[in-house]
Amino acid sequence: MNIVYIATDSYVSMLGISLFSLLENNKSMEQLNIYILSTDLSQENQDVLLKMSDAYRRHLHFVQIGDYQSAFSADTDTSGFHPIVLARLLLTRYLPQEVHTALYLDCDTIIHGSLDTMEPADFCKTDYAFAAVPEVYMPSAQKSFIGLKEKDIYYNCGVLLINMDYWRRKDLCQYFIDYYARMNGKLMYNDQDILNHCCRGHVFTLSQAYNFAPVLYYFPYYFIRKYQPAYMVSSRAKYKEIIRHPSIIHYLGEERPWVHGNCSPYRKVYDSYKAQTPWKDTPMIYGKEKVLFCYHILNLITAVFPWFRRLFTKCIGIRYYQFTKKD
């Protein structure tokens, strides 16, 4: 399996902790090639990451992508995110031709289980652009803005199993760039919006176990069946098993385990991996305790009145996201 991370030097601790969890839980995988794309990863940090991968006898490749922004003619307004998020749209320009499929992972993920059975058979021979997990919820207005219908699935792109051969056949890299220019770079979710628009109808739906949002812990089974029927919710037992043992935990949103005041039930999972890495003494980020307390209260309300969470996301959550991410 080929793994891809994209990171700046300032994110090296999160990258390293995620990488450690990947290596630790996939010792039995026959092949594991890891590509780290960056503009500024220091030699010192590269050496630490190499030492970690060497301990597991895995191949780690560093790819310099300093010119990625030149591909986009529109202003790279990425809603407060680092512009490097756009680099994953250019993977066919950076990865070798012999890479037929690749698993892209955000740095804020923990690989909490084996990935041996994640990739569908002969995935590179299909007409799927990528495989991904649906967002828990995306308002219809945001879907409409990028050309999706209300019933279309909107996918979270923090974990992407990419069919590189399909991307090359369809020259999706250029399609992504053209769409970004056509929208004048004004997309709330940047590359994620682009991927959802340009690849609609060609996405394979993965189990939420492979891109597990910690907030799912609070959603009752009966509710999630209606709220997000694209999830693997065939039985209550299966749903609970995924909550207990997700394969990939994606710490998205405000409730990050490295931010002081986080009450996530999966915080200890992150801490357990962090404690085994060279970044075990990295201090937590302070200053968001009140915000995280409010989110904790919202989570508790969600467990009792789950429909309130949908209303909150639609009326308040998106606006809060826009406010906090603007420059």
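Two strands are taken as paired if DSSP finds at least two bridges between them. Helices (H or I, at least four residues) and strands (E, at least two) are DSSP runs, numbered from the N terminus. The model is predicted: local features need pLDDT of at least 70, side-chain atom pairs count only at pLDDT 80 or more, and totals for chains, interfaces and linings use all residues. Residues are numbered from 1 along each chain as its sequence is written, and side-chain values use heavy atoms, with hydrogens and water left out.

Asn-33 stands opposite His-59 in strand E3. Strands E2 and E3 pair in the parallel sense, over six bridges. Between them the chain passes through helix H2, and this β-α-β crossover is right-handed (with the strands pointing away from the viewer, the path from the first strand over the helix to the second runs clockwise).

These strands belong to an open sheet of seven strands. The order is E3-E2-E1-E4-E7-E6-E8, and the pairing is mixed. Strand E3 (59–64) and strand E8 (203–205) are the edge strands, each pairing on one side only. From one strand to the next, the twist averages 30°. Axes here are lines fitted to C-alpha atoms, for helices over the stretch in contact, and angles run from 0 to 180 degrees between N-to-C directions. Elsewhere in the sheet, strand E6 (residues 130–134) and strand E7 (residues 155–163) run antiparallel and are joined by four bridges. Phe-130 stands opposite Ile-162 in E7.

Helices pack on this sheet. Contact means heavy atoms within 4.5 Å. Helix H7 (residues 190–198) touches E6 and E7, and its direction makes about 60° with that of E7. Helix H2 (residues 43–55) lies across strand E2 (33–38) and E3, running at about 155° to E3.

Helix H2 also meets helix H1 (residues 12–24). The two axes come within 10 Å and cross at roughly 10°. H1 is therefore roughly parallel to H2 (angles under 35 degrees). Val-12, Leu-15, Gly-16, Leu-19, Phe-20 and Leu-23 in H1 meet Asn-45, Leu-49, Met-52 and Ser-53 in H2. The contact comprises seven nonpolar residues, three polar and no charged. Here Ala, Val, Leu, Ile, Met, Phe, Trp, Tyr, Cys and Pro count as nonpolar, Asp, Glu, Lys and Arg as charged, and the others, Gly among them, as polar.

Ser-247 is found in the loop between helix H9 (236–244) and strand E9 (248–250). Ser-247 counts as buried because its relative accessibility is 15% (buried means under 20% relative accessible area, with a 1.4 Å probe and protein chains only). Residues up to four places away in sequence aside, Ser-247 touches Ile-110, Ile-111, His-112, Gly-113, Ala-209 and Tyr-210.

Methods. Buried < 20%, exposed > 50% of the residue type's maximum accessible area, 1.4 Å probe, protein only. Parallel < 35°, antiparallel > 145°, perpendicular 65-115°, else oblique.
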